[in-house]
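Visitor: Got a minute to walk me through this one? I'd like to start with how the inside is packed.

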Amino acid sequence: MPPSTVPSEAKDVWRKFSKQNNFQRKLYHYGTFPQGFGWGVSSSAYQIEGGWNADGKKSSIWDTFTQEPGNIPGNASGDVACDSYNRLDEDLYMLRALKVNSYRFSLSWSRIFPDGRRSSMNQKGVDYYNRLIDGLLAYNITPMVTLYHWDLPQALQDIGGWDNVDMINIFNDLCDFCFDKFGDRVKFWMTFNQPQTIAWSGYGLGQIPPNVKNPGIAPYRVAHNLIKAHARAYHTYDDKYRTSQGGLVSIALNADWMEPKDVTVPREVVAADRALQFLLGWFAHPIFKNGDYPEAMKWQVGNKSELQGLSESRLPSFTEEEKSFIRGTADIFCVNHYTTKIVNHNTAPLSIKSYDYDKDLIEAEESDSPTTAISKQRAVAWGLRRLLNWIKEEYGDPAIYITENGASTDNKITVDDTERVFFHKTYIDEALKAHNLDGVKVKGYIATSLMDSFEWLNGYKVGFGLHYVDFTNQNRPRTPKRSAHYYYQVVRDNGFPLPEDEKTLYGAFPTNFNWSTASASYQIEGSWRAHGKGLSIWDKFAHTPLRVSNSNNGDIACDSYNKIDEDVAVLKKLKVSDYRFSVSWPRVLPDGTNNYINEAGLNYYHRLLDALEAANIKPQVTLYHWDLPLALQKVGGWQNATIVDRFRDYADVLFSRLGNRVKFWITLNEPYIVANLGYGYGTFAPGIVGKQYIAAHNLIKAHAEAWHLYNDKYRAPHGGIISITINSDWVEPRNPYKQEDVDSTKRYLQFFIGWFAHPIFNGDYPDLMKTIVRRRSLAAGLPESRLPEFTPDEIRRIKGTHDYFGFNHYCTVLSYPVDLGNQQDYEADRGTGTTHDRTWIETGSFWLKITPFGFRKILKFIKDEYGNPPVYVTENGVSERGPVDLNDIHRTHYYNTYINQALKAHVLDGVDLRGYTAWSLMDNFEWAAGYSERFGLFYVNRSNPTLPRIAKNSASRYASIISCNGFPDPANGPHDCLNPEPEATTAPPGTTLESTFNTTVHTTHHTTDHTTVPVLPPFTVDFLGLELSSLDAKVALYVIFAFLLASVLGVVLTVFWLLKTKKKLTGEPGNSFKMEKM
């Protein structure tokens, strides 16, 4: 192959991937690898074998280094390590249990040749590897053998080690011997593991043996010798053994992915490419391209050397004969990969000669990704796909084997290694994307490592193993970790087949299904002091410093108080049958009591109801959506038991004044949030801490009184239904095989949904909740439980106060137990921590991960736990933050998948689901997040004083789901209900047409079992009866304007000419007269 350009043509990889948004980058790809794919695990001799001086073995450079006190934490060494030299059967058992078809291990040079040379051959060392190889083959496991994994015989280091050119022939002699003795059974050879680490860390930084610190010269000399040694070994195999043995020979190179700090800046892309050339290209370019170093490397080191006053480059040169000898000396591309770095250009000092400074760049961590137990080795899964694509483009589409990939965890973690499960789950999927979506020839994947072992400079402080090894026990027992079970499943399935719960169910909801979207008074109305409205707790909270993001408030919000027509117009575009909104309590009753009713405030809701009725949209009215009159909070708010009566009075006003027009009532929205965030954590208005149990008690009683009022006084004449809206996440155990985690899910649900649903549907707080809070309260010396008790009369009064189950749901969490000691609060009572699976896609809200499977599960839970009540989903939606993009593909995906899970709950699980509500109609004031989080189907352009509502593409998709009343089967042909209206029509400020058109949806994983829902063209508008893109419409508008301008100018010129002509004609007789007189 020709040498690389600077930057290489592989720079297209950054152009291809760096424009992906987070949704596109993280969307999980379901699929499998081809049959025959290589699945394996790895180890290396010094890390696991032990027996450092057993049966004739002599010291390696790592034996010498680790046996000197102070070099390794805890003075650890590999003297015994995992004792694999004496525990071969145990290692083989682990491999058999994993069902892997490959095992990568290395040969200990000083065990085979104790003095480094053939003359010192140790038969007992040879016998050990024969037993290992034969044992593997007996179980159909392919041995993948690394000839050199850093443990150079000390005797060879005594003559200079890899800085001595004689090592080329000495290493070849070892390889020749191994090919001869083991090659009849070994068909996959790697000469060196990570030669860049050997050269730089061993001879440049001096961090690892042989601890030579010569950063500007030695690494280049050593690498030069390593490359030539590799090539010599390759040719030895090629010339003497390939015909009879038929194996493969390669070299295992290490590479991080290098992402430019700013992909739009060419210099940064060049820097990232240069970083890869110095790391990977240093060895790959000579072997896989043209026998020589990368041009970027030669240029950098050559120029730096000259500027430093040297007569020649510090980077050695290959002769033409050497180039020819080196070029093509690998049968497959083997790469070890762990992390991704962020790179930017930097002019490094000339005063220090160093390989690191020669690169002229700075590498930083990818700070958004999870850390591991090793510093600067974050888990950045998406980098693997990009690296594999870069290798494909740079080295002519070679077959690639991922020969190391894994995550470190602290040695305190024994078998419950959830983080490692997430690591392999995400990294392997990125390899699958590279194979299935990008056409990269990925042939195998090796997980690092088989078991915890001696981790070089970290000793035994960290572990990479799929199996836990107890190094305090002389028998070194091996125990499978959770990651071993997980990896076994991946190997068994050959990847990630599409699970049943991810497959689309085609079908329809009942014909009378209610389709709705939602808002809330404080979030959209604005006019906070208009027409007699009283102050609410959110008015005060939002005007208190540091309470709301960016000092935002709801003073204007979406100005819906003045924009009823605009709001109803977009509702009509969605084709919803219903609209859920809330009434502002202080707008109707300014001081919270019925002493004074603000007719102007009530009139707003009458006008809204008029407009909805005209549009044939049914109202769903929430009495209380968090904006308590400030006057009531001044006397304790929801902590004061008198609020029960105040709420009943407020409900009476609304029932009497609006009830003849409203047939669907919700008493309270998410009392959990009111109690816990408003009166527990203090992060929401009114900002009270530690009083959530009292507030919740009064909320439940207030709901019950409002329900009874409606039931006794208004149900007969009005004929409506009334209930409460309760919110809850679904929860899964962080480790489903760990009983403590399973138990924590029960506590999580009972302290969340059960806190409010149990009293209303079952009669009292959950027994689990009552028991825990009482036990902990008494243990702390309190006279009674901190959880208030309902009297028998109250239980009877509360139980059954529902006509349906109103339910808000957004996401799923993973739970695990936490012990907060004697801390007396809700969190300590619940005793549950939460986290999330790394494959779940993030959104604009830190707490919200896209997890559609949980929606079906919690709907089924409600059915089973509460007697299959009629369920109305009263909120479900997803947020974004940052730059505005009307092509909100993540929201389209969210609604597609979540609503389909709701359909499954109804059709497959028998959930009595009556309606679905998308949150929210439009971007609005999102409480403590202000306007930074946007949930809307319609974008509200806040930079425009008129606050126009602009459809996002998700609005089109939601409208089509409503029109279809579900998901029509594509096998039946195109359905008329798949209608493109409404769609994004106007590009908001900061959104370019290019950025929107370049946004694509990767739906490959849906092609087998899913309908691929077309993403509707962004910015399509109706222009003079034609459907045009906004760009075409803009051009057409300019053309029409030009014609119009030309026409106007033509008319003006014509009139001017006519007037001038007339003047001329009327002036001619006078002139004739003058001429005659003359």
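**Cores, loops and a strand**

Guide: Sure. The largest nonpolar core has 148 residues, and Trp 538 and Trp 638 are those with the most contacts inside it. A nonpolar core here is a set of buried Ala, Val, Leu, Ile, Met, Phe, Trp, Tyr and Cys residues joined through side-chain atoms within 4.5 Å. Buried means under 20% relative accessible area, exposed over 50%, and partly exposed in between (1.4 Å probe, protein chains only).

Visitor: Which helix gives the most to this core?

Guide: Helix α28, residues 692-718, with 12 residues. Helices (H or I, at least four residues) and strands (E, at least two) are DSSP runs, numbered from the N terminus. There's also a second, separate core of 146 residues, which includes Ala 45, Leu 280, Leu 315 and Ala 407.

Visitor: Before I go on, what's the model's origin?

Guide: This is a predicted model, where local features need pLDDT of at least 70 and side-chain atom pairs count only at pLDDT 80 or more, while totals for chains, interfaces and linings use all residues. Residues are numbered from 1 along each chain as its sequence is written, and side-chain values use heavy atoms, with hydrogens and water left out.

Visitor: OK, backbone next. Where are the cis peptide bonds?

Guide: One runs from Pro 209 to Pro 210, with omega near 15°. Pro 210 sits in the loop between α10 (195-203) and α11 (218-240). Another joins Ala 685 and Pro 686, with omega about 10°, and Pro 686 is in the loop between α27 (671-679) and α28.

Visitor: And what about phi for Ala 81?

Guide: Positive, about 50°, although Ala 81 is not a glycine. Its loop lies between α4 (61-66) and α5 (88-98). Leu 546 also has a positive phi, near 70°, and is found in the loop between α21 (537-542) and α22 (564-574).

Visitor: Is Ala 81 buried or exposed? And Leu 546, buried or exposed?

Guide: Ala 81 counts as buried because its relative accessibility is 1%. Leu 546 counts as exposed, at 85%.

Visitor: Switching to strands: how many residues of β31 are buried?

Guide: 6 of its 7 residues (913-919). Strand β19 (residues 514-518) pairs with β31 in the parallel sense over 5 bridges; pairing takes at least two DSSP bridges between two strands. Ala 518 has Trp 919 in β31 as its bridge partner.

Visitor: Which residue stands opposite Tyr 916?

Guide: Val 873. Strand β30 (residues 871-875) runs parallel to β31, joined by 3 bridges.
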